[in-house]
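Biologist: I'm new to this one, so could you show me the structure and talk me through the words people use for it?

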Amino acid sequence: MTLTVQKLTQYADHSKKYLYKNVSLKFDNARFYAITGQRELMLFLAGLKSPTSGTVNFNGKNIQKIGLNKYRNEKISLLFSDGNLIDYMTPVENIMSALSITNSKHAGSKRYAMDLLSQVGVENSFLKRVVADLSLEQRQLIALVRALAVDAPIILADNPTEKLDTAAAQRLLTAFAAAAHEWKKTVIISTDSEVLANQADARIKFQDHHFVTEKLSSLQSTK
């Protein structure tokens, strides 16, 4: 599975001045990426916004041609800073709902949902409570489990640690890394924290109208 950005160009604030131009990026399977300085890129990757020009491609095919609804339903799982769960449902019910909506191969399996929650560290005492009664950290963890549960190979999380304290943010980051390395998902987050971003497999930093990809000890510029 490969997600790529090809020659993406975007104007700044509806003007004729470029915010960035001819951006090309590649996101590989089972890798954890952190984007800093430019959260709008996440909207393009999610198919929620179209750039001025250029394409986002899944396995070499423009997501517009795949169909944006099909792409969002089958290829990606979206997480937001509040978890975006159904408040009146329990954690298990939230997972079951996602499995049903996405027509997952595990649809209808309550045991599968419960096993996943257990594996990621959600305590049994939380499973019968509605998510509205849980802490933000717990909600985010459940949202990540929901993303793991469905068949979509890509997890996109827009600033998921924004409202968490340092310790909780670190725990959630560890879970995201596991989603990439152990569950073989492509995990892409945006974050305002340089400390957290530096713990990803690669950091994509927006600076001076360019994206700079820092991967391990090497630097690659996308201009």
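**Buried, exposed and in between**

Modeller: Asp158 makes a good start: Asp158 is buried, with a relative accessible area of 19%. Keep in mind that this is a predicted model.

Biologist: Why is Asp158 called buried?

Modeller: The cut-off for buried is under 20% relative accessible area. Asp158 has 19%, so Asp158 counts as buried.

Biologist: Where does Asp158 sit, and which residues does Asp158 touch?

Modeller: Asp158 belongs to strand S7. Leaving out residues up to four places away in sequence, Asp158 touches Arg39, Met42, Leu79, Phe80, Ser81 and Ser190.

Biologist: What makes the pairing of the Asp158 and Ser190 side chains a polar contact?

Modeller: The two side chains make their contact at 2.7 Å, and a polar contact needs N or O atoms within 3.5 Å, one able to donate a hydrogen and the other to accept it. The 2.7 Å pair falls within that limit, so the name fits.

Biologist: How do you know whether Thr90 is buried or exposed?

Modeller: Thr90 has a relative accessible area of 13%, which is under 20%, so Thr90 is buried. Thr90 is found in the loop between S6 and H4. Beyond its neighbours within four places in sequence, Thr90 is in contact with Leu127, Lys128, Arg129, Val130 and Val131.

Biologist: And what makes Leu68 partly exposed?

Modeller: Leu68 has 22% relative accessible area, and partly exposed covers what lies between the 20% and 50% cut-offs, so Leu68 gets that label. Leu68 is in helix H3. Leu68 touches Gly47 and Ile63, not counting residues up to four places away in sequence. Gly47 is 21 residues from Leu68 in sequence, with 6.0 Å from C-alpha to C-alpha.

Biologist: Why is Lys21 called partly exposed?

Modeller: Lys21 has 40% relative accessibility, which again lies between 20% and 50%, so Lys21 is partly exposed. You'll find Lys21 in strand S2, residues 18-28. Between Lys21 and Asp115 there are 45 Å in space, C-alpha to C-alpha, and the two are 94 residues apart in sequence.

Biologist: What makes Gln119 exposed?

Modeller: Gln119 has a relative accessible area of 55%, and exposed means over 50%, so Gln119 qualifies. Gln119 lies in helix H5.

**Positive phi**

Biologist: What is notable about the phi of Lys7?

Modeller: Lys7 has a positive phi of about 50° although it is not a glycine. Most residues other than glycine have a negative phi. Lys7 lies in strand S1, residues 2-11. At 58% relative accessibility, Lys7 is over the 50% cut-off and therefore exposed.

Biologist: Where is Asn103, and what is its phi?

Modeller: Asn103 is in the loop between H4 and H5, just after H4. Phi of Asn103 is near 55°, a positive value. Asn103 has a relative accessible area of 66%, over 50%, so Asn103 is exposed.

**Cores and pocket**

Biologist: What makes a group of residues a nonpolar core?

Modeller: Its members are buried nonpolar residues joined through side-chain atoms within 4.5 Å. The largest such core here has 44 residues, and Phe32, Ile155 and Phe176 have the most contacts inside it. H7 gives the largest share of this core, 9 residues. Apart from this core lies another, of 28 residues, including Leu3, Ile66, Tyr71 and Ile76.

Biologist: Which residues does Ile155 touch?

Modeller: Not counting residues up to four places away in sequence, Ile155 touches a list that includes Leu144, Leu148, Phe176 and Val187.

Biologist: Which residues of H4 are buried, and what covers them?

Modeller: The buried ones are Pro91, Val92, Asn94, Ile95, Ser97, Ala98 and Leu99. H5 and H6 are among the elements that cover them.

Biologist: Which residues lie nearest the centre of the largest pocket?

Modeller: Those are Ser77, Leu78, Ala98, Thr102 and Arg146, out of 19 lining residues. Helix H3, strand S6, helix H4 and helix H6 each give two or more residues to that lining. The lining divides into 10 nonpolar, 7 polar and 2 charged residues, and the pocket volume is about 440 Å³.

Methods. Residues are numbered from 1 along each chain as its sequence is written. This is a predicted model: local features need pLDDT of at least 70, side-chain atom pairs count only at pLDDT 80 or more; totals for chains, interfaces and linings use all residues. Side-chain values use heavy atoms; hydrogens and water are left out. On a 1 Å grid over the protein atoms alone, a cavity is a set of points where a 1.4 Å probe fits but cannot get out, and a pocket is an open set with protein on both sides within 12 Å along at least five of seven lines; lining residues have an atom within 4 Å of a point. Grid points are joined across faces, edges and corners, and a volume is the space filled by probe spheres set on the points. Helices (H or I, at least four residues) and strands (E, at least two) are DSSP runs, numbered from the N terminus. Ala, Val, Leu, Ile, Met, Phe, Trp, Tyr, Cys and Pro count as nonpolar, Asp, Glu, Lys and Arg as charged, and the others, Gly among them, as polar. Buried means under 20% relative accessible area, exposed over 50%, partly exposed in between (1.4 Å probe, protein chains only). Contact means heavy atoms within 4.5 Å.
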